[in-house]
Structures are given as structure tokens and as C-alpha cells.
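Student: I would like to learn how to read burial, contacts and charge pairing from a set of coordinates. Could we work through one case together, step by step?

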Amino acid sequence: MTTKNITDEDWMRHAMQLAAKAEAAGEVPVGAVLVKDQQLIAEGWNQMISLHDPSAHAEMQAVRSAGQLLQNYRLIDCTLYVTLEPCSMCAGMLVHSRVKRLVYGASDYKTGAAGSIMDLVCHPQLNHQLEVTAGVLGEECAAMLSAFFKKRRVQQKQLKQQALLQVNVENKSENRDDDDAASSY
């Protein structure tokens, strides 16, 4: 994606492809792209589980990569596109890195720090505020997350049922052994 006139929706679709990559790896499907002058600078997707790193959020991965590429911790005039509203950790990192603009898809009413439960990225007492565009392909981003968590709940229910069945089988086996032992007297 290096041509001019790429829209917010186009960049968000790219972020959604990265979210799908996270989901394929068993991670919560969140993807992020960092853009400067309509050029893709960096991208990231959730990797907390695979990297054993609670800070390996999509936004964090993209910003870290961009900092290395640009050889600067300040990402002035950059826009971050992310499929889910950033948490407080990521919002703080965006302020510190001086990202100019944040565009996100789905709002996060549990941990969102760009307007849903708090607004760190526009807080007037901080030394930098971001421009924010919320809800770009929001329904599609939210649907991707909802489908993931629905599938995960079904899988967890199946695992619990399998564990209960295993316990029942083991208990029946122990009871048979006890019965066999009692009948041999």
C-alpha cells in the first residue's frame, strides 16, 4: 500500500488482515498499522501469548518497529490505525511517542483509553494530545472480536466437559477396582 489517496478504511482493512494473523496464532485478533505520508511504516498484531509478553499488543509492536525503522522514538506526523481502541498502556505509549493521529475500529468499553472509559490520548494535562477518529469499520472490527470470543467460550466449555467426562471415567474405573477388590475377599 504505497499509492496516494489511500483512505482510512483501506488502512483499517490492512489492520484487520493483521488481526486475522493474530487470531490464526491463537491471539486476540487485534492488528495495527503505522503510516506516515501515506506510506506504511510498520505493522503489528497481538502476540502476548506467543511472546509471553503482556506488553506485546498490536499497537506496541507497530510503534516499536516504527521507532527502529525511523531511528527515533518520536513518531511525529504518523497515524496509527488499530482495530480495537487502545488500552491505557498503549494510549500512554502513543502520547509518549508523539503519534499525531489515532484511528481505531471497535470501541472497548472495558479497557478503552481513547474515549470509552477514559481518554488518555486527549487529556489536557498531558504534554501531547492525539487527533482521534473512532469507529472506522467499527462494526466489522467488533464482529471479528465477538466471533473470536464466542468461539473461545465454546472451546472452553468443550474442554470443561471433556475434563468432567475424564473424571467420571476415572471414578467409574476406581469404583470397579474397589468392587473387584471387595469381591475377592
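Tutor: Let us begin with burial: the relative accessible area of His 57 is 19%, and because buried means under 20%, His 57 counts as buried. Please keep in mind throughout that this is a predicted model.

Student: Where does His 57 sit along the chain, and which residues does His 57 touch?

Tutor: His 57 is placed in the loop between α2 (48-51) and α3 (58-70). Leaving aside residues up to four places away in sequence, His 57 touches Trp 45, Asn 46, Met 48, Cys 87, Met 89 and Cys 90.

Student: Which residues does the UniProt annotation "binding site" cover?

Tutor: According to the UniProt record, which is an unreviewed entry, the "binding site" annotation covers His 57, Cys 87 and Cys 90. These residues span 34 residues in sequence, yet no two of their C-alpha atoms lie more than 9.3 Å apart, so they gather at one spot. From this set, His 57 and Cys 87 belong to the lining of the largest pocket.

Student: Is Cys 87 buried or exposed, and what surrounds Cys 87?

Tutor: Cys 87 has a relative accessible area of 15% and is therefore buried; its place is in the loop between β3 (78-84) and α4 (88-96). Not counting residues up to four places away in sequence, Cys 87 touches His 57, Glu 59, Thr 111 and Ala 113.

Student: How should I read charge pairing, and how many salt bridges does a search of the whole structure find?

Tutor: The general idea is that side chains of opposite charge can pair when their charged atoms come close. In this structure the search finds 3 salt bridges. One of them joins the side chains of Arg 101 and Asp 8, at 2.6 Å from N to O. Arg 101 lies in strand β4 and Asp 8 in helix α1 (residues 8-24), so this pair ties together parts that are 93 residues apart in sequence. Both Arg 101 and Asp 8 are buried.

Student: What are the side chains of Asp 10 and Asp 53 paired with?

Tutor: Asp 10 meets Arg 13 in a salt bridge, at 3.8 Å from N to O; because Asp 10 and Arg 13 are 3 residues apart in helix α1, about one helical turn separates them. Asp 10 is partly exposed at 28% relative accessibility, and Arg 13 is partly exposed at 44%. Asp 53 forms a salt bridge with Arg 64, at 3.9 Å from N to O. Here Asp 53 lies in the loop between α2 and α3 and Arg 64 in helix α3, so the pair ties together parts that are 11 residues apart in sequence. Asp 53 is partly exposed, with 22% relative accessibility, and Arg 64 is likewise partly exposed, with a relative accessible area of 39%.

Student: Which side chain of opposite charge is nearest to Asp 108, and how far away is that side chain?

Tutor: The nearest is Lys 110, 7.2 Å away, and Asp 108 has no salt bridge although Asp 108 is buried. A salt bridge needs a side-chain nitrogen within 4 Å of a carboxyl oxygen. What the side chain of Asp 108 does make is a polar contact with the side chain of Thr 111, at 2.7 Å.

Student: Where is Asp 108 found, and what else does Asp 108 touch?

Tutor: Asp 108 is found in the loop between β4 (101-106) and β5 (131-134). Beyond residues up to four places away in sequence, Asp 108 touches Leu 84, Glu 85, Ser 116 and Ile 117.

Note on methods
Residues are numbered from 1 along each chain as its sequence is written. This is a predicted model: local features need pLDDT of at least 70, side-chain atom pairs count only at pLDDT 80 or more; totals for chains, interfaces and linings use all residues. Side-chain values use heavy atoms; hydrogens and water are left out. Helices (H or I, at least four residues) and strands (E, at least two) are DSSP runs, numbered from the N terminus. Buried means under 20% relative accessible area, exposed over 50%, partly exposed in between (1.4 Å probe, protein chains only). Lys and Arg count as positive and Asp and Glu as negative; His and the chain ends are not counted. A polar contact is a pair of N or O atoms within 3.5 Å; within protein, one must be able to donate a hydrogen and the other to accept it, and residues adjacent in sequence count only if both atoms are side-chain atoms. Contact means heavy atoms within 4.5 Å. UniProt positions are given in the numbering used here, feature names are shortened, and annotations may be inferred rather than shown by experiment. On a 1 Å grid over the protein atoms alone, a cavity is a set of points where a 1.4 Å probe fits but cannot get out, and a pocket is an open set with protein on both sides within 12 Å along at least five of seven lines; lining residues have an atom within 4 Å of a point.
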